[in-house]
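Me: I've got a model open and I'd like to walk through it with you. Can we take it piece by piece?

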Amino acid sequence: MRLHRNLVFAVIDGLHLIFNENKYADKVVEQLLKRDKRWGSRDRGFVAETTYDIVRWKRLYAEIAEVKEPFTRENLWRIFAVWATLKGIKLPDWKQLEGTPSRKIKGRFDEFSKTRKYRESIPDWLDNVGEKELGNDVWTKELHALNEQADVIIRVNTLKTTKIALQDLLMDEGIETLPLKDYPDALQLKERGNIFRTEAFKNGFFEVQDASSQLVADFLDVQPGMRVADTCAGAGGKSLHLASKMDNKGQVIALDIYGNKLKELKRRAKRNGAHNIETREIDSTKVIKKLHDKMDRVLIDAPCSGLGVLRRNPDAKWKLQPEFIENIKSTQQQILNDYSKMVKSGGKLVYATCSILPSENQNQVASFLKSENGKDFKLVKDKKVLASESGFDGFYMALLEKK
Ligand SMILES: C[S@@+](CC[C@H](N)C(=O)[O-])C[C@H]1O[C@@H](n2cnc3c(N)ncnc32)[C@H](O)[C@@H]1O
């Protein structure tokens, strides 16, 4: 591989924004890719993947490069030189890369790779939390899997097309896909590409949604004609899936505390041809009270640490704080307590997170079941999805039934 100066400069600029200015990696990469219209898919791929790679391995590379935060530009170049050396890329004779100690870099890599927190690049406190909650063996495997690049998975919008028809359509646009056994609406892209530019996407024939996340709507066991509340709907990945499972019949009430996310949901619903979704911003407790004992199904796709989706959000490792995890656990318990009241007798509730920590998952459900409101519910089943076992995002989902 030959390094191109303007692409590497873009990566360095991006790393500065992510590491030193605390900007979100996905937003930074999105902006970087708009920098030069002449960049082809390979150039864009280089900028995006190199930036994500270096974010993912920040701790390891910084140790090898012997640099500390906040990183000067010179330090960012040293980190980049570590990345390129370990990838086996021949370094060009640019002044920023002069004197790169290739042999020393490889030696230090071998040395640091013996210790998990360096090898897998994770802050000490988070490494301790993971080991304490999952045990040494599971955490070691999981952490390794969460550092791999995620495949791109899409969900077929069955309101508008079928899996086979979509595969043909995408093939016509040069995109090859594979079906995934056990995930009825999922297709995996054989190669990464900008699928948002395809006509199939613009026409609402699919959404990008990880395979594990696609299990949640199935878990809720919805039927056409039901009244369903998606209480932490965000931009609606799961609301859209629910609407298509319900064949546009019945009602999906999509709730969130952020109105701007619900606006995006509405745009997506229109593109998807999902006509049975109504959005409601939770701006007072009345919004929830109005729905008490009214819903056949309630989904709580709770806010969480996001530790199950580190493959796609590697910067979360560096942005997460212990206090955030503690606070989010209280929010999860509060949400379970308040929103479960919407379920009518005989109705069902799914509590889901994209975390792999038992303290955000099965322990939360167990505490809820012991609480005053929780006494009306029984656990039907739950599913713990590990990235190391499934090959997809880490996830948790529990199905409860109201007596
Ligand atoms: C895991 S995300 C939801 C993802 C979304 N369901 C999807 O499939 O695309 C959690 C959502 O919960 C929302 N949230 C946070 N606190 C909340 C609360 N107290 N009540 C309702 N929603 C909340 C966040 O704004 C965020 O959109």
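Me: Which residues does the UniProt annotation "domain: SAM-dependent MTase RsmB/NOP-type" cover?
Reply: Keep in mind that this is a predicted model. The annotation comes from an unreviewed UniProt entry. Over that stretch the chain is 35% helix and 24% strand, with the end C-alpha atoms 36 Å apart. The stretch the entry gives is residues 142-403.

Me: And what does the domain assignment of the protein chain give?
Reply: That's a separate assignment from the UniProt annotation, and it splits the chain into numbered pieces. One of them is domain 2 (153-208). The full list reads domain 1 (5-121), domain 2 (153-208) and domain 3 (211-402).

Me: How many residues of domain 2 are in contact with domain 3?
Reply: The centres of these two domains, taken over C-alpha atoms, are 25 Å apart. On the domain 3 side, eleven residues take part in the contact. On the domain 2 side, the number is twelve.

Me: How does that side of domain 2 divide by class?
Reply: Here I'm looking at the residues of domain 2 on the side that touches domain 3. Charged residues number four there, and polar ones three. The nonpolar count is five.

Me: How many helices and strands does the protein chain have?
Reply: Let's take the strands before the helices. There are eleven strands in the chain. The helices come to 19.

Me: Why is the chain called as compact as a globular protein of that length?
Reply: For 403 residues the globule rule gives 22 Å. The chain's radius of gyration is close to that, so it counts as being as compact as a globular protein of that length. Along its principal axes the C-alpha trace spans about 70 × 50 × 40 Å. The radius of gyration behind the statement is 23 Å.

Me: What share of the contacts between residues at least 6 apart in sequence join residues at least 24 apart?
Reply: For background, buried residues make up 41% of the 403 residues in the chain. Now take the contacts in the chain between residues at least 6 apart in sequence. The share joining residues at least 24 apart is 71%.

Me: Let's go to the ligand. Which residues come nearest to it?
Reply: There are 17 residues around the ligand. By class, that shell has eight nonpolar, five polar and four charged residues. Helix 13 (237-245) and helix 17 (322-339) each supply at least two of its residues. The nearest ones are Cys-232, Gly-234, Gly-237, Lys-238 and Asp-301.

Me: Asp-301 is in that group. Is it buried or exposed?
Reply: Asp-301 sits in strand 8 (residues 295-301), and UniProt's unreviewed entry includes it under "binding site". Beyond its neighbours within four places in sequence, Asp-301 is in contact with Val-216, Cys-232, Lys-238 and Ala-352. Its C-beta neighbours inside 10 Å number 22, so Asp-301 counts as buried.

Me: What about Asp-283, buried or exposed?
Reply: Asp-283 is also covered by the "binding site" annotation. You'll find Asp-283 in the loop between strand 7 (277-281) and helix 15 (285-289). With 9 other C-beta atoms within 10 Å, Asp-283 is exposed.

Me: Which residue does UniProt list for "active site"?
Reply: The residue is in the loop between strand 9 (343-353) and helix 18 (362-370). It has 26 C-beta neighbours inside 10 Å, so it counts as buried. Not counting residues up to four places away in sequence, it touches Cys-304, Gly-306, Gly-308, Val-309, Asp-393, Gly-394 and Phe-395. The unreviewed entry lists Cys-354.

Me: Now some backbone checks. Where does Pro-70 lie?
Reply: Pro-70 is worth a look for its peptide bond. The bond from Glu-69 to Pro-70 is cis, with omega near -5 degrees. As for its place, Pro-70 is in the loop between helix 4 (58-65) and helix 5 (73-86).

Me: What is the phi of Asn-22?
Reply: Asn-22 is in the loop between helix 1 (5-20) and helix 2 (25-32). Asn-22 is exposed, with 10 other C-beta atoms within 10 Å. Although Asn-22 is not a glycine, its phi is positive, at about 60 degrees.

Me: And Asp-293, is it buried or exposed?
Reply: Asp-293 has a positive phi of about 60 degrees too, and it is not a glycine. Its place is in the loop between helix 15 and strand 8. With 11 other C-beta atoms within 10 Å, Asp-293 is exposed.

Note on methods: Residues numbered from 1 in each chain as written. Predicted model: local features only at pLDDT ≥ 70, side-chain atom pairs only at ≥ 80, totals over all residues. UniProt positions renumbered as here; feature names shortened; annotations may be inferred. Helix = DSSP H or I, 4+ residues; strand = E, 2+ residues; numbered from the N terminus. Buried ≥ 20, exposed ≤ 12 C-beta atoms within 10 Å, placed from the backbone. Contact = placed C-beta atoms within 7 Å. Near = placed C-beta within 6 Å. Nonpolar A, V, L, I, M, F, W, Y, C, P; charged D, E, K, R; others polar. Domains from an automatic or database assignment. Rg over C-alpha atoms; globule rule 2.2 N^0.38 Å.
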